[in-house]
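User: I should like to learn how helices, sheets and backbone angles are read from a structure. Please take me through an example.

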Amino acid sequence: MIKRPSSSNFYGQNKKFRANTQLTKVTSETENKNSFDSLSDAPSDVVAALTYLKSKFPLEKFEGKLPPVLLVHQIYSIIKCKTSVDREVNSLQAKGVVRLFKLGGEEAALVVIYFDDLVNHINQHCSKKHVISRFLKEVLPKVQDVSIDKALLRGELGFSQQEISDLVSSGLLALRSTASFWFSFPNAGEFMRAYLKGRKSVLRTIRKCKFSEILQFELEQRNLEKSAKLGMLYHIHDIIGAELVKCIETTSGSLLRLVKK
């Protein structure tokens with residue numbers, strides 16, 4: 001049986017989180033209606049948040065090597081209810097609007113990419129082999145999970161060992177265990193390197209401040225090291241959504257205080 005993604009508890013959904021960003025502000029900044037073609041004319045809060053986050057992804061810094069790669073927990077920095085966010089993200093994947101991936105490393109991340117952006121990215125960076133076309137048409141639309149069993153690939157889907165090897169070498173599959181693979185995308189490793197370096201740089205900046213806290217608007221003015229290509233705003237949504245900082249409303253604006261482990 002083909003599974004659907006089970007991402008609802010990935011970031012500890014039972015914890016409460018108070019977002020500091022007004023959704024009305026996000027919606028007002030979102031003017032690109034092309035992202036809503038497969039939905040109703042009035043976008044949902046989650047779609048509006050995704051479109052806003054996508055508009056802030058610095059494509060030019062990666063020179064075409066990546067599509068807009070968003071983090072599911074970034075949405076939590078905008079919308080308070082994680083349960084409703086996870087439910088709708090899963091629904092968007094079921095409708096073929098987005099695709100979820102779990103990328104590993106020093107810190108695992110559940111990311112979301114618009115499906116059309118993903119297909120364009122794969123077509124640009126993978127060879128024109130028949131196996132790539134089969135993967136796009138027969139695997140991605142049907143298997144809505146972040147991983148896939150080798151037995152399913154070989155059995156029901158009918159991929160040969162050589163074809164599976166081609167998918168791995170193309171960056172579309174990554175070894176999870178002897179019996180399964182993570183779904184991936186070309187240059188996913190470059191994203192993870194930039195993401196982890198940027199997060200560490202932002203947290204280090206806050207840690208150096210008095211009491212390990214800083215006003216958000218002051219943090220937005222700080223410069224990151226050149227290797228942190230994703231930019232400060234991307235990582236502010238990252239660390240708030242991942243609950244690495246606590247947001248405290250003050251008369252001077254939102255104060256970000258580092259959470260002690």
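Analyst: The following turns treat a helix, a sheet and a backbone angle. This is a predicted model, in which local features need pLDDT of at least 70, side-chain atom pairs count only at pLDDT 80 or more, and totals for chains, interfaces and linings use all residues. Residues are numbered from 1 along each chain as its sequence is written, and side-chain values use heavy atoms, with hydrogens and water left out.

User: What span does helix α9 reach from its first C-alpha to its last?

Analyst: An α-helix has 3.6 residues a turn. Helices (H or I, at least four residues) and strands (E, at least two) are DSSP runs, numbered from the N terminus. Helix α9, residues 188-207, reaches 28 Å, close to the 28 Å expected at 1.5 Å a residue; the expected span is 1.5 Å times one less than the number of residues.

User: Why is α9 described as largely enclosed?

Analyst: Because 14 of its 20 residues are buried, that is, under 20% relative accessible area with a 1.4 Å probe, protein chains only (exposed is over 50%, partly exposed in between).

User: In what order do the three strands of the open sheet stand?

Analyst: Strands of a sheet pair through backbone hydrogen bonds, either parallel or antiparallel. Here the order is β7-β9-β8, with antiparallel pairing; two strands pair if DSSP finds at least two bridges between them. β7 (213-215) and β8 (245-250) each have a single partner strand, so one side of each lacks a neighbour in the sheet. β8 and β9 (residues 253-258) pair over six bridges.

User: What is notable about phi in Glu63?

Analyst: Most residues other than glycine have a negative phi. Glu63 has a positive phi of about 50°, and lies in the loop between α2 (45-55) and β1 (70-71).
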